[in-house]
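Colleague: I should like to go through this protein with you, beginning with its charged side chains and ending with its overall form. May I put my questions one at a time?

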Amino acid sequence: MHMTSDNLHSQAAARNAALTRLREEHRSLARVIEALESVTAQIVETGIEPDFALLASMLYYVDAVPERFHHPKEDRYLFAALRSRTAEANDTLDRLERDHRRAPQLVSELERGLVRWQGG
């Protein structure tokens, strides 16, 4: 089957759009984590009353978005594509996949910590 230049261009545009979306998701997640760290540090430093609803919402985002939307795309598409092209990044990809598998446990620990904090 002959690939037309339009078809190749469409595939490249789709790949670029997908990579752009993954980068945007990383930035959004980083902003929420940074905000969570900042709010928590401010509470500890100033002794203000924690806004537990806000903290729980931030943790929910950190839990739900990567697990349901982001990591599956990385694992299924990006990592698979990289592995099919070269073995050079396998160690890094293996580590990232392990991190993805560990993330729910780590977030669960944070959620339990928030509940203990809220309970006094």
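Colleague: In which helix is Glu 74 found?

Modeller: Please bear in mind throughout that this is a predicted model. The protein holds three helices and zero strands, and read along the sequence it follows the pattern α-α-α. Within that pattern, Glu 74 is found in helix α2.

Colleague: Which side chain of opposite charge is nearest to Glu 74, and how far away is it?

Modeller: Glu 74 is buried yet has no salt bridge. A salt bridge requires a side-chain nitrogen of Lys or Arg within 4 Å of a carboxyl oxygen of Asp or Glu. The nearest candidate for Glu 74 lies beyond that cut-off: it is Lys 73, at 9.2 Å.

Colleague: With which side chain does the side chain of Glu 74 make a polar contact?

Modeller: Leaving out residues up to four places away in sequence, Glu 74 touches Leu 22, His 26, Phe 79 and His 100. The polar contact of its side chain is made with another residue, at 3.0 Å. That partner is the side chain of His 70.

Colleague: Is His 100 buried or exposed?

Modeller: His 100 is found in helix α3. Its relative accessible area is 10%, and the limit for a buried residue is under 20%. His 100 is therefore buried.

Colleague: With which side chain does the side chain of His 100 make a polar contact?

Modeller: Apart from its neighbours within four places in sequence, His 100 is in contact with Glu 67, His 71, Glu 74, Asp 75 and Phe 79. One of these residues also meets the side chain of His 100 in a polar contact, at 3.5 Å. That residue is His 71.

Colleague: How far apart in space are Arg 102 and Glu 67, C-alpha to C-alpha?

Modeller: Arg 102 is found in helix α3 and, at 46% relative accessibility, counts as partly exposed. In sequence, Arg 102 and Glu 67 are 35 residues apart. In space, C-alpha to C-alpha, their separation is 11 Å.

Colleague: How many salt bridges does the structure hold?

Modeller: One of them joins the side chains of Asp 99 and Arg 95, with an N to O distance of 3.5 Å. Asp 99 and Arg 95 both lie in helix α3 (residues 90-119), four residues apart, about one turn of the helix. Asp 99 is partly exposed at 34% relative accessibility, as is Arg 95 at 41%. The number of salt bridges in the structure is six.

Colleague: Which residues do salt bridges that share partners join into one network?

Modeller: Asp 99 and Arg 95, at 34% and 41% relative accessibility, form the pair just described. The network brings together other residues, joined by salt bridges that share partners. Its members are Arg 21, Glu 24, Glu 25 and Lys 73.

Colleague: What is the N to O distance between the side chains of Glu 25 and Arg 21?

Modeller: Both residues lie in helix α1 (residues 5-46), four residues apart, about one turn of the helix. Glu 25 counts as buried, at 9% relative accessibility, whereas Arg 21 is partly exposed, at 44%. Their side chains meet in a salt bridge with an N to O distance of 3.3 Å.

Colleague: How many residues apart in sequence are the parts that Glu 25 and Lys 73 tie together?

Modeller: The side chains of Glu 25 and Lys 73 meet in a salt bridge of 2.4 Å, N to O. Glu 25 lies in helix α1 and Lys 73 in helix α2 (residues 52-85), so the pair ties together parts of the protein that are 48 residues apart.

Colleague: What share of the 120 residues is buried?

Modeller: The accessible surface of the protein comes to about 8,700 Å², of which 56% belongs to carbon and sulfur atoms. Buried residues make up a share of 19%.

Colleague: With three helices and zero strands, what is the radius of gyration of the protein?

Modeller: Taken along the principal axes, the C-alpha atoms fill a box of roughly 65 × 25 × 20 Å. The pattern along the sequence is α-α-α. For 120 residues the globule rule gives 14 Å, and the value for this protein is well over that, so the protein is more spread out than a compact globule. The radius of gyration is 19 Å.

How values were computed: Residues numbered from 1 in each chain as written. Predicted model: local features only at pLDDT ≥ 70, side-chain atom pairs only at ≥ 80, totals over all residues. Heavy atoms only, no water. Helix = DSSP H or I, 4+ residues; strand = E, 2+ residues; numbered from the N terminus. Buried < 20%, exposed > 50% of the residue type's maximum accessible area, 1.4 Å probe, protein only. Lys, Arg positive; Asp, Glu negative; His and termini not counted. Polar contact = N/O pair within 3.5 Å; in protein donor to acceptor, adjacent residues only side chain to side chain. Contact = heavy atoms within 4.5 Å. Rg over C-alpha atoms; globule rule 2.2 N^0.38 Å. Areas by Shrake-Rupley, 256 points an atom, 1.4 Å probe, with all protein chains shown as cover.
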